[in-house]
Amino acid sequence: MFTIITGAQFGDEGKGKIVDLLAKDYDVVARFQGGNNAGHTVKVGSEVYKLHLIPSGILLESRVLIGPGVVLDPEVLMEEIEMLKGHKVRVDPAKLGIDAKTSIIMPYHIEMDGLREAARETKIGTTKRGIGYAYIDKVARDEVRLAELADRERFLARLEELAPQKEKEIAVMGGDPKLVRDPALIEKYVELGKQLAPFMTDVSREINEALDAGKHVMAEAAQGTHLDVIHGTQKFVTSSSTIAGSACANLGVGPTRVGNVIAIVKAYITRVGEGPLPTELSGELGERLQKAGGEFGTTTGRGRRCGWFDLPLLKKAIALNGYTEIALTKLDVLTGLDPVRICTGYRFNGEGTAYPPELTEELAECEPVYEDLPGWEADLTEVKAFEDLPENARNYVMRLEKLMGVPVRYISVGPGRAQTFKKE
Ligand code: GDP
Ligand code: IMO
Ligand code: MG
């Protein structure tokens, strides 16, 4: 069985939590795109793990893989491995595999991301982790692959080939070109390459062989649907394709293998960085949601903008991903709000619409149209079954389910593993 899990909104929907929860039934969990712009939080007991690159299946028995469509900062990965080892989590080549073709984020990518963002008149609000510039080099065929990093001579030769161009680009951008061939940085990368060499594998081959053997494989996305580089709210997007079809392309698995596609959907909506968010709540209510939901970036610590549930954006996410089921997260955060509002459509150009217009500039002009439902006062964080939710919370979930037209299979009412139940 091949399952794909993606975020249906703008990221931070709770992918890490749900992947960790479901991973016990999977033999392999693979990350297929993005890099350490992602931050996936998994809470087990009193321990909180913030994962940026390693799939959230790492805490269970599954083999975890990083696919060739990921852009990999080797220093961040080694820090993450050390962090996990500090928690007595086994991370060796039998547990973690990284595709030999994975693109490496070089120090000059991080520099260029920062320089470009500083120079932009209208900011994107990138995480400044070098993601966009690493993907530019992949597409330009100027990337350094893990297999090169892992071999000192090949790495040095590749860097000599790439350096003059990178130095020119950085100088034009107003940065210091000496960074590109800084001997200390080069030695650090050579050392990181040595440490990562044993983890190299062929991810597509491993996954296809696992599926042939009847094993269960899960693909874990980073970011969210509307940050997709092709179908998202350009230019306020990330640099990879975040939707379900991207899992097949990036992991080298045929679409005929896909069994199910699970959406991670927050019971409201958040966005970090710039770009339109039609239901955004400014003022007291927005702050209240941000505080109650702990809506601060896992990677950058920035406050996440918060808004009411946006059905048009969700409808588009369903179309883009072909979801078969939904995991609804953070329902507990809505406790105490009355009414709870669902944006069921927009007013755009003087007319009503139930689906987002295609262009970002147009989405920015959309005025949300709301349906109000009565709220609830009870704390939900100890609830263990759908029937035990307050009636108004049940009604909210059932209304969302009806409007989305895709079954809600899991409901999450807190960050912990136990704070999730199935909705039969
Ligand atoms: P991801 O990037 O999609 O994996 O999500 P993040 O980990 O960046 O952000 C989700 C945050 O919400 C994390 O701090 C989680 O621990 C937390 N979380 C996940 N599910 C729930 C939930 O149902 N209720 C509450 N209150 N917090 C949750
Ligand atoms: P997870 O996997 C939320 C946002 C950034 C910025 C835009 C582009 O934790 O859900 P980038 O550094 O990728 O070039 O920034 O994308 N962004 C995310 N927002 N969750 C994420 O990941 C994100 N990764 C990138 O804030 O607006
Ligand atoms: Mg996150």
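Here are three short exercises on this structure, each with a worked solution.

This is a predicted model, in which local features need pLDDT of at least 70, side-chain atom pairs count only at pLDDT 80 or more, and totals for chains, interfaces and linings use all residues. Residues are numbered from 1 along each chain, ligands are numbered from 1 in the order in which they are written, and side-chain values use heavy atoms, without hydrogens and water.

**Exercise 1.** Find which backbone atoms face oxygen atoms of ligand 1.

*Solution.* Start with the shell, meaning residues with a heavy atom within 4 Å. Ligand 1 has 18 such residues, and Lys15, Thr41, Lys330, Asp332 and Ser412 are the closest. Next, look for polar contacts (pairs of N or O atoms within 3.5 Å). Polar backbone atoms of glycine 14 and lysine 15 lie 2.9 Å and 2.7 Å from an oxygen atom of ligand 1, and for glycine 16 the distance is 2.8 Å.

**Exercise 2.** Find which residues make polar contacts with ligand 2.

*Solution.* Begin with the 20 residues around ligand 2, where Lys15 and His40 are among the closest. Then turn to its oxygen atoms: a polar side-chain atom of arginine 302 is 2.9 Å away from one. On the backbone side, valine 272 comes to 3.1 Å and glycine 125 to 3.4 Å.

**Exercise 3.** Explain why the largest nonpolar core lies between two domains.

*Solution.* Domain bounds come from an automatic or database assignment. Domain 1 (2–100 + 198–261) and domain 3 (266–410) both contribute residues to this core, so it lies between them.

Methods:
Polar contact = N/O pair within 3.5 Å; in protein donor to acceptor, adjacent residues only side chain to side chain.
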